[in-house]
Amino acid sequence: MKILPDRASSYAAEVDSVFWLILLFVSIGFVITLAVLLYAIFSKRERAKYFTGSNWREYRWVAFGMIGIALADFIILGYELKVWHKTQWLPEETHYKVGVLARQWNFEYYYPGPDGQLWTNDDIIVRPPQDTLVLPLNKKVMVELRSADVIHALFIPAFRFKYDCIPGRTIQRWFEPTKEGIYMVSCAELCGVLHSRMRSTVKVVPESAFQAFLQQKRMEPLATK
Amino acid sequence: MHKEQQSFIRKYIFSTDHKVIGFQYTIVGLFMALVGGYLAYVFRYNLAFPGESIPFFGDALDPKTYNGFVTYHGAIMFFWVAMPILLAGFGNLLIPLMVGTDDMAFPTVNMLSFWIFFLSTVVLLISLFLPSGPFDGGWTIYPPLSADGYHVKPSFPASIATGGTLFLLALALEFTSMIMGGINFIVTTIAKRTQGMTLFRLPIFVWFQNIAALIFMVSVGPVVAGAVMLLLDRTVGTGFFDPARGGDPILWQHLFWFFGHPEVYVILLPALGIIGEIIPTFSRKPLFGYRMMIYLVLVAAFLSVIVWAHHQFVAGIDPRMGTFFSVGTILISVPFAGVILSLIATMFQGKIRFTTAMCFATGMVAAFLVGGLTGIFLGSDVFDIYAHDTYFVVAHFHYTVFPIAILASLAGIYYWFPKFTGKQLNETLGKIHFWLTFIFFNLFAFPLFFLGLAGQHRRIANYEVFDYLAQEPFTTLRVIATIGVIGIWIAQFVFLWNLIKTLRSKEVAERNPWNATTLEWAADSPPPHGNWQTPPVVYRWAYEYSPENQTKDFIPQYVQE
Ligand SMILES: [Cu+2]
Ligand SMILES: [Cu+2]
C-alpha cells in the first residue's frame, strides 16, 4: 500500500518530502514522550517523592523538551517555507494558461482562444459531457480558478494541488505535469447536494498531442457552446 | 436564603444553585452526545456499506441527508456536548466550591444562561426535523452555500423556518449563553474567593477555566456579528457575503475561524484542568511546574487568537500571509509540549494508583499527544494544501476533540461523581468502560490518517464514483473505522449500566474518597445549596501531596497545621 498516491507534478516530490520530514520529527517526539510517560508510570514507588518543578534544577527537563520541539519546529519551518515559496509564487515564465470554472456540480475548463486571453469570448471550452482537463507534459501551466455559484475546490491529488474556486475572485496558481497519464480530480469543498459526486479527470499528454487537442477543439462547431 | 423551603420547580428546574445548573448543563450535554453519536453511527455505517440499509435507522443515506448529518454531528459535538459539559457543566459544578464560596457571583444570570442554552438546544433539534430537511451546509457554514447560494430571493418571513436559519439562530443563542456563563466564572474567581485563597493557591482547573472563558469572550464577538449578517442574508436578502452585490464570502471565513480556532482551546483548557486535578491526586504528587503551566497556557492562549487563517491556506490567501500563519501555528506546539511534559513529570516517582479516573486521564494525555503532534503537519502550509479537507484533517481533529470532549469528560465524571451524588461508580465496570472506549476510539480514528493521505476528501456520502478511493485497502479501512464507532457505542452501554447500578445502590461514598487536597472535598456529598455551614479558610496551595517529614501523604488546603 502506498502512503501517498502517485506523483505527477514537478513539485509533488517536494511536498511529499515536507510530509516525510515532519513525520520523522513527529515520530521521534511521539516515541520519546510515550517512553517518558511509560517510564514515569513504572517509576512508581511506595511513597511519592515530593518535588514541585518550581526551580530550574527540576524544571530543566521539561524546558529541554520545549527547546527540543522548538528546534524541530524551526527546522521544519525553515525547510517547508522554502517549498512554500516555490509552490506559491508564480514562476517567471509559464507556458500555458488554463481556466477552471466550477459550478454545481462540475468543473468546466477554459483555454485561451486566438487572443491569448482567458475568460474572453473566443475561449476554448471543455464542458460536460466532456470532463477531462487535458494538459501538456513538462510545461508550466498557470491555472486560474473561478466559481459560478458557491465555493468549490479543485483537488488533483497526483499533483498535490488543491485550491478553492471562490465566486467573485480569481485565484492564480501553477503546476507542471511531469508524468503522462490520467488522474483523479475531485471537489474538496462542500458545495451542496451533489458534492458527493462532483469529480473530473486530468489527462497529461505530450505537448504535440496537447496542441493537436487544442487544434481539434478549435475546429469544433460552436454548437458545443 | 438557602434555608427556606423551596418548591420543586425552584429547586430543580429554575434553580439558581450553581450545582443544579452544572447538572442541567451536563445532562443536556450527555443527551446531545447520544444524538451526535447516533448521527456518527448512521453516516459511518453508510460509508462502510454504501447503498445498504442501516440498522436502527432505515435506508441508505442520500447525499443531502448525509451532508445534514455530518453538519449536525460536528456542530453538536462542539457546541452542544464539549462546551456544555466541559466549560459550563464542570465549571459551574466546581468553580464556586474550589474557590470556597456559596455560589456564582450572579446566580440569576447563571440560571438565565442555562435556559438560553436550553432554548438553543430546542431550536437546533427543531431545525433537524423540518419538513424541508436539516441544514446541510457543513458545521463551518461557509456562504454562499449556507446562504442558499443566493439563487433564490429569500421570502420573509417564510425563510425563517428553514434549517439553515434555525441552525444559525441556535448557534447565536448558544454563544450568548456561554458568554453569560463566562462572565460568571471570571467575576466569581476574582471577587468571591474565600479567606486565604490567593490567585496562586487556586487549583489549576480554576485557572484553566478562567483562561478558557477569557479566550472565548475575546474571540466570539466577530462570529456572533457574522452569524447575524448571515441570518440577514438568509431572511431579508442583504448581501454581506454575496460577491455579486459587493459582499465577500471570505469575510465569513475570517470571522468564523477567528473564533473557530481559539474555540478548540476553549474546550481543551477545561479538559486539561480536569486532568491536572486527577493526575496529582492519583500520583500523590504536587502538580509539576504549576506556575509555569499557567504562564505557558497564557502564551498559547494569545497565540491561539492570531493563527486562524491556517484554515484558509487553500482559499487563495496571499502567500506571505500563509508564511505568518504557518509560523504561529507550528510554534503553538512549544507551550503545549511544556504542559504535557509537566503532566507526565507529575506522575514521575509518584505513588500511582490507576483508578478509572486516572486511566481516562492518562489515556487522554496519550491520545491528545497524537492529535497535537499531527497538528504540526497541518500547520505547515505546504502540506496543508494537500491535506486540507481530507480525512487526514478528520483524523487529526478527532484525535484532539475526542480525548478532550469524551476522555477528559469521563475522567472528570468518574472523579467527581462521589462528590456530587454521594455515590461511587463501580471501578471494575469503569475499567472495562475505559479500555473498550480507548481501544475502539483508536480503531476508529487511526485508519482515517491513511485514508486522508491517500487523498480521500471529506463530506462524501459514497466513494464509489472515485475509482482510486473505491478500491482496496481503502474500502476495508472504512469498514474498520466504522467498527471502531460501533465499539465506542457498545462501551458506553457499560457506562450506562454502571450509572444505573451505582445510583440504585445504597452504599454511600466518603466525603473525600480519593484523599484529595482541594476545597470541594471539604463539603458534604452532595453539597447543599449554599455549599458550606461555615466557609472554609485556605492555608496553602492546592497540591500538598506527600510532603517530606510528614507521615500523612496529603494536607488539604483547608487544614491548618
Ligand atoms: Cu464540492
Ligand atoms: Cu485552527
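Select A:R199 to begin: this residue is partly exposed, with a relative accessible area of 21%. The model in the viewer is a predicted one, and every value on this tour is computed from it. Keep A:R199 selected and add B:D467; the two form a salt bridge whose closest N and O atoms are 2.9 Å apart. A:R199 belongs to strand β10 (residues 199-205) of chain A, whereas B:D467 sits in the loop between α14 and α15 (474-504) of chain B, so the pair joins two chains. B:D467 is likewise partly exposed, at a relative accessible area of 49%.

**Across to the chain interface**

Now display both chains and select the residues of each that touch the other. Chain B contributes 99 residues to the contact and chain A contributes 79. The size of an interface is often given as the accessible area lost when the parts come together. For chain B and chain A the buried area is about 7,700 Å², with 72% of it on carbon and sulfur atoms. Select B:Q349, B:V382 and B:Y386 next: these residues supply 9% of the area that chain B buries against chain A, more than any other three residues.

How many salt bridges does the rule find across the interface of chain B and chain A? The number is two. Besides the pair already visited, select A:R169 and B:D248, which form a salt bridge with their closest N and O atoms 2.7 Å apart. Polar contacts across the interface of chain B and chain A come to 26 residue pairs, both members of each at pLDDT 80 or more.

Turn next to the secondary structure of chain B on this side. The helices that each supply at least two residues to the side touching chain A include α3 (63-99), α7 (249-283), α11 (356-379) and α14 (427-453) of chain B. Which helix gives the largest share of that side? Colour α10(B), which provides nine residues. By residue class, the side of chain B that touches chain A divides into 56 nonpolar, 27 polar and 16 charged residues.

**The two domains of chain A**

Hide chain B and colour chain A by its domain assignment, which gives domain 1 (12-88) and domain 2 (96-224). The centres of domain 1 and domain 2 of chain A, taken over C-alpha atoms, are separated by 42 Å. Where the domains of chain A meet, six residues of domain 1 are in contact with six residues of domain 2. The area buried between domain 1 and domain 2 of chain A is about 490 Å², of which carbon and sulfur atoms give 40%.

Between domain 1 and domain 2 of chain A the count is one salt bridge. Select A:D16 and A:R160 to see a salt bridge with the closest N and O atoms 2.7 Å apart. On the domain 1 side of this contact in chain A, the elements giving two or more residues are α1 (12-42) and α2 (56-88). The residues on that side of domain 1 of chain A divide into two nonpolar, two polar and two charged. Add A:R7 to the selection: A:R7, A:D16 and A:R160 are linked in a network of salt bridges. Four residue pairs are in polar contact between domain 1 and domain 2 of chain A, both residues at pLDDT 80 or more.

**Two salt bridges within chain A**

Side chains of opposite charge can pair when their charged atoms come close. Select A:R127 and A:E108, whose side chains meet in a salt bridge at 3.7 Å, N to O. The pair links distant parts of the chain, 19 residues apart: A:R127 lies in the loop between β3 (124-126) and β4 (132-136) of chain A, and A:E108 in strand β2 (residues 106-111) of chain A. Is each partner buried or partly exposed? A:R127 counts as partly exposed because its relative accessibility is 25%, while A:E108 counts as buried at 5%.

Move on to A:E176 and A:K140, which form a salt bridge with the closest N and O atoms 3.6 Å apart. These residues also link distant parts of the chain, being 36 residues apart, with A:E176 in the loop between β8 (171-175) and β9 (181-187) of chain A and A:K140 in the loop between β4 and β5 (141-147) of chain A. A:E176 is buried, with a relative accessible area of 13%, whereas A:K140 is partly exposed at 23%.

To finish, show the salt bridges of the whole structure: a search over all chains finds 19.

How values were computed:
Residues are numbered from 1 along each chain as its sequence is written. Chains are lettered from A and ligands numbered from 1 in the order in which they are written. This is a predicted model: local features need pLDDT of at least 70, side-chain atom pairs count only at pLDDT 80 or more; totals for chains, interfaces and linings use all residues. Side-chain values use heavy atoms; hydrogens and water are left out. Domain bounds come from an automatic or database domain assignment. Contact means heavy atoms within 4.5 Å. Buried area is the accessible area (1.4 Å probe) that two parts lose on being put together, summed over both. A salt bridge is a side-chain nitrogen of Lys or Arg within 4 Å of a carboxyl oxygen of Asp or Glu. A polar contact is a pair of N or O atoms within 3.5 Å; within protein, one must be able to donate a hydrogen and the other to accept it, and residues adjacent in sequence count only if both atoms are side-chain atoms. Helices (H or I, at least four residues) and strands (E, at least two) are DSSP runs, numbered from the N terminus. Ala, Val, Leu, Ile, Met, Phe, Trp, Tyr, Cys and Pro count as nonpolar, Asp, Glu, Lys and Arg as charged, and the others, Gly among them, as polar. Buried means under 20% relative accessible area, exposed over 50%, partly exposed in between (1.4 Å probe, protein chains only).
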